[in-house]
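Work through the exercises below with the structure open beside you. Try each task before you read its solution.

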Amino acid sequence: MNSNITTNLPLTIAKFGGTSVADYDAMMRCANIIKNDASNRLVVVSASAGVTNHLVRLGQSDVSLAEQADIISQIKAIQLNITQHFSVDIERALNTEIESLLEALSALALAQSKQYNLQHSDAILSFGEQLSSRIFAQVLRVADVAGEYFNVQEVMKTNSLFGKAVVDVAQLRELCQSELAPKLVNKVIVTQGFIGQDAQGNTTTLGRGGSDYSAALLAEALSGTNLAIWTDVVGIFTTDPRITDQARSIAEISFGEAAEMATFGAKILHPATLIPAMRCNIPVFVGSSKEPEKGGTQIKKKVDSNPTYRSIALRREQTLVTVKSPAMLHASGFLANVFAILAKHELSVDLITTSEISVALTFDNPVGSTQSQITSAVVEELEQLCEVSVEHGLSLVAVIGNGLTRAKGIGQSIFDTLNDINVRLICHGASANNLCFLVNEADANTTVEKLHKALFA
């Protein structure tokens with residue numbers, strides 16, 4: 001059953017990030033966005049800005065009881081700073097809910113300090129969205145919108161891989177159609193991003209930044225007509241505006257280009273967000289909740305413009321591993337053995353280049369990650385096969401565009417601009433949408449600035 005058969009209206013799933021729900025004024029701006037477009041029927045919220053960072057710390061194993069109390073006090077202050085703007089009765093009711101949630105959070109933090117495990121970590125991390133969604137539902141009602149809180153765990157069922165749980169997409173669709181779609185007929189439902197529930201009833205999370213992905217999955221499950229990602233910037237830019245003030249907003253971009261940007265470091269979208277949207281061809285809008293009147297970026301399957309150069313993405317904290325062995329020459333099975341070791345350690349390779357007797361591989365090391373770092377154990381196993389060198393302190397620069405494998409003069413346009421920059425590795429040809437290369441971290445900003453000036457002037 002298609003949920004839109006019930007309403008016979010467009011269905012927009014609107015997702016608001018942490019800065020968009022940071023305080024009362026920010027939440028009220030979001031409420032007005034919802035109010036001004038009747039297609040907005042489902043709202044997915046992140047935790048209020050700053051709360052998730054507090055929860056990450058609270059979930060660690062070395063937090064004293066005094067620090068636990070201090071962190072919970074700071075989280076409470078962020079939320080009460082919002083509820084104080086309501087009428088006395090509403091404020092009292094919301095504060096009672098907040099107190100109850102924070103008591104449960106305190107108990108979990110205590111359990112975590114006694115016996116650390118990832119299950120406790122996920123449960124602790126979920127409280128940010130639990131708090132903000134309850135408050136935002138009430139903000140909607142103050143703005144004369146029929147807002148109602150909904151626990152996403154009723155529909156977002158996952159496996160038990162805590163910290164990066166995998167959603168059961170088929171079950172999500174079935175539950176959304178039966179449990180969630182009927183509620184969207186005459187109310188705006190407010191729910192949480194980032195969190196789910198496994199078969200045993202334990203809270204899981206989809207990974208840091210998973211709120212966008214949650215919203216996209218819900219849009220797919222409900223056969224939504226649009227996904228709107230509201231953040232603190234006016235759409236997607238030609239590069240990070242913090243690096244160069246010449247960066248400019250992009251009016252439209254294809255799914256393929258946006259996927260490359262997200263994968264190669266553009267912070268505006270979670271890399272997995274576009275997968276559900278692409279599966280069901282749901283257009284995605286990215287705009288600023290602070291300045292909704294300025295528009296934003298439309299991401300869709302087909303766009304009117306297909307420039308050779310669309311944007312430049314930057315991803316820091318890269319590791320380059322080079323494996324070298326004469327045994328590679330005219331031999332089969334060597335690469336298979338290398339990748340078997342990497343798979344054993346759950347390491348995902350980003351880029352790869354080869355020569356006759358050596359292979360260079362890049363790995364992402366996002367802050368806080370434990371899954372993609374090259375450990376001594378990995379190196380020791382690889383050294384049983386070959387010589388191994390590991391280089392850190394590198395950044396990945398990705399030039400995103402269209403027809404990059406067919407256009408003439410691409411290499412000259414890019415690398416003539418960087419004749420005084422040491423380029424450590426180049427990867428081109430696998431995708432018509434990107435050309436990637438590694439530079440030293442110290443040269444990263446300069447590289448992006450120079451390229452942006454040359455390609456987008």
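Buried residues make up 53% of the 457 residues in the protein; buried means under 20% relative accessible area, exposed means over 50%, and partly exposed lies in between (1.4 Å probe, protein chains only). This is a predicted model: local features need pLDDT of at least 70, side-chain atom pairs count only at pLDDT 80 or more, and totals for chains, interfaces and linings use all residues. Residues are numbered from 1 along each chain as its sequence is written, and side-chain values use heavy atoms, with hydrogens and water left out.

**Exercise 1. Describe the overall build of the protein.**

Step 1. Take the secondary structure. The protein has 15 helices and 16 strands. Both are DSSP runs, numbered from the N terminus: helices are H or I with at least four residues, strands are E with at least two.

Step 2. Check the compactness. The radius of gyration is 24 Å, close to the 23 Å that the globule rule gives for 457 residues, so the protein is as compact as a globular protein of that length. The radius is taken over C-alpha atoms, and the rule is 2.2 Å times the number of residues to the power 0.38.

Step 3. Find the box. Along the principal axes, the C-alpha atoms fill roughly 75 × 55 × 45 Å.

Step 4. Look at the contacts (heavy atoms within 4.5 Å). Of those with a separation of 6 or more, 76% join residues 24 or more positions apart.

**Exercise 2. Decide how well strand β7 is enclosed, and which way its side chains point.**

Step 1. Locate the strand. β7 covers residues 226-231.

Step 2. Check burial. Six of its six residues are buried, so β7 is largely enclosed by the rest of the structure.

Step 3. Recall the general pattern. In a regular strand the side chains alternate between the two faces of the sheet.

Step 4. Sort the residues. N226, A228 and W230 point one way from β7, while L227, I229 and T231 point the other way.

**Exercise 3. Trace the strand pairings from β1 to β8.**

Step 1. Start at β1 (residues 12-16). It pairs with β7 in the parallel sense over five bridges. Two strands pair if DSSP finds at least two bridges between them. Here F16 has W230 as its bridge partner.

Step 2. Move on from β7. Five bridges join β7 to β9 (residues 284-288), and these strands run parallel. I229 is matched with V286 in β9.

Step 3. Continue from β9. It runs antiparallel to β10, with four bridges between them. F285 stands opposite Q298 in β10.

Step 4. Finish at β8 (residues 252-254). It pairs with β10 (residues 296-300) in the parallel sense, over three bridges. E252 has Q298 as its bridge partner.

**Exercise 4. Are S132 and V448 buried or exposed, and what do they touch?**

Step 1. Place S132. It lies in helix α7 (residues 127-142). Its relative accessibility is 0%, so S132 counts as buried.

Step 2. List its contacts. Not counting residues up to four places away in sequence, S132 touches M27, V45, S46, A47, S48 and Q79.

Step 3. Place V448. It lies in helix α15 (residues 444-456). V448 is buried, with a relative accessible area of 0%.

Step 4. List its contacts under that sequence limit. Not counting residues up to four places away, V448 touches T239, I243, I312 and L314.

Step 5. Add a distance. V448 and A398 are 50 residues apart along the chain, and their C-alpha atoms are separated by 9.4 Å.
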